[in-house]
Amino acid sequence: PRGHTLEKEARKSKMKNTIKDIAAEAHRVCGLAHRERRSYLRGELTNLRNLVLTVPGILGPKFPMVLAAIGMARTEILWHFIHLGVQPLRSARRAFVPETFVDAQITDLIGQLYELIELV
């Protein structure tokens, strides 16, 4: 019975270390992943806007895609401003890279979003 408790403690300790590693990796990667997503959305919103301007009749069949793009852009803009000045917990500060959370082109995404909304 006593050895069984030691095994549980060892598994618990291993699980705790794994969770810490996963959290550190998330802090290191999430800013960059969201920046790449915003960059992709900038290009797609531009393409959608140009498509709707060139072929206005395409808006009907592409409307669900347009709404999805608008929703994704809105979510990414909100995520950017919510996380812009947030400092991570003390345990995750080593893996935190604040430069990945800064996006100088966020105003372009906001402008493209409003241009697409005006067309719809």
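Helices are DSSP runs of H or I that hold at least four residues, numbered from the N terminus. L53 lies in one such run, helix α1. The legends below describe close-up views of a predicted model.

**Figure 1. Overall arrangement of the chain as three helices in the predicted model.** The secondary structure comprises 3 helices and 0 strands, and the order along the sequence is α-α-α. Helix α1 covers residues 2-54, helix α2 covers residues 59-83, and helix α3 covers residues 106-119. Of the 120 residues in the chain, 24% are buried. Among contacts between residues at least 6 apart in sequence, 80% join residues at least 24 apart. The accessible surface amounts to about 8,600 Å², and carbon and sulfur atoms account for 62% of that surface.

**Figure 2. Surroundings of the buried residue R38 in helix α1.** R38 belongs to helix α1 and has a relative accessible area of 0%. This value falls under the 20% limit, so R38 counts as buried. Leaving aside neighbours within four places in sequence, the residues in contact with R38 are E76, W79, H80, D103, I106 and L109. One of these contacts, D103, also meets R38 in a salt bridge between the side chains, with an N to O distance of 2.8 Å. D103 lies in the loop between α2 and α3, whereas R38 is in helix α1, so this pair ties together parts of the chain that are 65 residues apart in sequence. D103 is itself buried, at a relative accessible area of 8%.

**Figure 3. Salt bridge between E76 and R37, and the network around it.** Side chains of opposite charge can pair when their charged atoms come close. The side chains of E76 and R37 form a salt bridge with an N to O distance of 3.2 Å. E76 is in helix α2 and R37 in helix α1, so the bridge ties together parts 39 residues apart in sequence. What relative accessibility does each partner have? E76 stands at 3% and is buried, while R37 stands at 39% and is partly exposed. A network of salt bridges links R37, R38, R42, E76 and D103. The chain has a count of 5 salt bridges.

**Figure 4. Salt bridge between E115 and R49.** The side chains of E115 and R49 meet at an N to O distance of 2.8 Å. This pair links distant parts of the chain, with E115 in helix α3 and R49 in helix α1, 66 residues apart. Both partners fall in the partly exposed class, E115 at 37% relative accessibility and R49 at 26%.

**Figure 5. Buried and exposed faces of helix α3.** The 14 residues of α3 should span 20 Å at 1.5 Å a residue. The C-alpha atoms at the ends of the helix are 20 Å apart, which agrees with that expectation. Which residues of α3 are buried? They are I106, L109, Q112, L113 and L116. These residues cover an arc of only 125° around the axis, and therefore lie on the same side of α3. The face turned away from the buried side carries the exposed residues T107, Y114 and E118.

**Figure 6. Contacts of I70 in helix α2.** I70 is placed in helix α2. Its relative accessible area is 16%, under the 20% limit, so I70 counts as buried. Not counting residues up to four places away in sequence, I70 touches L113, L116, I117 and V120. Two of these contacts, L113 and L116, are among the buried residues of α3. Q112, also one of the buried residues of α3, has its C-alpha atom 9.7 Å from that of I70. I70 and Q112 are 42 residues apart along the chain.

**Figure 7. Nonpolar surface patch including L53.** L53, F63, L67, L119 and V120 make a nonpolar surface patch of about 390 Å². L53 is the member of the patch examined here, and its position is in helix α1. L53 has 46% relative accessibility, which lies between the limits of 20% and 50%, so the residue counts as partly exposed. Another member of the patch, V120, is also one of the residues touched by I70.

Key: Residues numbered from 1 in each chain as written. Predicted model: local features only at pLDDT ≥ 70, side-chain atom pairs only at ≥ 80, totals over all residues. Heavy atoms only, no water. Helix = DSSP H or I, 4+ residues; strand = E, 2+ residues; numbered from the N terminus. Buried < 20%, exposed > 50% of the residue type's maximum accessible area, 1.4 Å probe, protein only. Contact = heavy atoms within 4.5 Å. Areas by Shrake-Rupley, 256 points an atom, 1.4 Å probe, with all protein chains shown as cover. Salt bridge = Lys/Arg side-chain N within 4 Å of Asp/Glu carboxyl O. Expected span 1.5 Å × (residues − 1). Arc of directions from axis to C-beta. Patch = residues over 30% accessible without salt bridge, like charges linked within 9 Å, V, L, I, M, F, W, Y side chains within 5 Å.
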